[in-house]
Amino acid sequence: MSKYLLNKFLFMVDRDPELVERYRSEPRELVAWWEAECANTVLNCHTGEASTWLRLDDVEREALVTHDHVKLFELGAHPFLTLTLFIALFERDNTEPLEYQKSYGARLAHFSMPYPDIAT
């Protein structure tokens with residue numbers, strides 16, 4: 001399991017409108033592509049810098065594919081990263097102000113202190 005890799009995925013996808021749309025419409029394909037092409041790149045370095053060992057495990061991959069922000073939180077993904085990305089993905093489907101944000105919070109309401117560790 002790699003909280004770093006989960007957060008890296010959320011961070012990178014959220015900052016690219018094309019990736020956001022691909023993640024919304026073809027999540028399984030995007031996660032597979034991202035893991036093969038982007039997961040091992042070292043951020044903010046020239047293109048020759050990459051590692052070879054980082055991989056998502058099956059639980060992480062499925063949580064990303066199914067847009068399961070509750071499972072991602074349990075796995076240690078930072079809630080701010082999931083919230084900002086998932087607002088971009090799903091807020092447009094709602095009709096009331098803050099409807100998605102309230103639903104997002106309600107699905108996390110069963111958690112109590114101490115929360116899952118989000119440190120990477």
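**Rings and helices: a short tour**

Start with R22, which lies over the face of W33, 4.6 Å from the ring centre. Keep in mind that what you see is a predicted model. The pLDDT averages 87 over the chain, and 88% of the residues score at least 70. Among the elements, helix α2, residues 17–25, has the highest mean, 97, and α7 has the lowest, 88. A general caution: where pLDDT is low, the predicted coordinates should not be read in detail.

Next, the aromatic rings. How many aromatic pairs does the structure hold? There are six. One of them joins F73 and F111, edge-to-face, with 4.8 Å from centre to centre and 90° between the planes. F73 belongs to helix α5, residues 69–75, while F111 sits in the segment after α7, so this pair ties together parts that are 38 residues apart in sequence. Both F73 and F111 are buried.

F86 and F90 make another edge-to-face pair, at 5.9 Å centre to centre and 80° between the planes. These two are four residues apart in helix α6, residues 79–90, which means that about one helical turn separates them. In general, an α-helix has 3.6 residues a turn, so residues three or four places apart point the same way. Ring pairs also link F86 and F90 with Y100 and Y104 into a cluster.

Now to α6 itself. Its twelve residues, at 1.5 Å a residue, should span 16 Å, and the end C-alpha atoms are indeed 16 Å apart. Which residues of α6 are buried? They are L81, T82, L85, F86 and L89. These buried residues cover an arc of only 110° around the axis, so they lie on the same side of α6. What covers them includes α1, α2, α5 and α7. F86 has a relative accessible area of 0%; the cut-off for buried is under 20%, so F86 counts as buried.

Last, a look from the side of α1, residues 3–14, where L10 is found. Is L10 buried or exposed? L10 is buried, because its relative accessibility is 0%. Leaving aside residues up to four places away in sequence, L10 touches L64, A77, L81, T82, L85 and F86. Take A77 from that list: L10 and A77 are 67 residues apart in sequence, yet their C-alpha atoms are 8.5 Å apart in space. F86 is in the list too, and F86 is also part of the ring cluster from earlier.

How values were computed. Residues are numbered from 1 along each chain as its sequence is written. This is a predicted model: local features need pLDDT of at least 70, side-chain atom pairs count only at pLDDT 80 or more; totals for chains, interfaces and linings use all residues. Side-chain values use heavy atoms; hydrogens and water are left out. Rings of Phe, Tyr and Trp (its six-membered ring) pair if their centres lie within 6.5 Å; planes under 30 degrees apart count as stacked, over 60 as edge-to-face and the rest as tilted. Buried means under 20% relative accessible area, exposed over 50%, partly exposed in between (1.4 Å probe, protein chains only). A charge sits over a ring if NZ of Lys or CZ of Arg is within 6 Å of the ring centre and within 35 degrees of the ring normal. Contact means heavy atoms within 4.5 Å. pLDDT is the predictor's confidence in each residue, from 0 to 100. The expected span of a helix is 1.5 Å times one less than its number of residues. The arc is that of the directions from the helix axis to the C-beta atoms.
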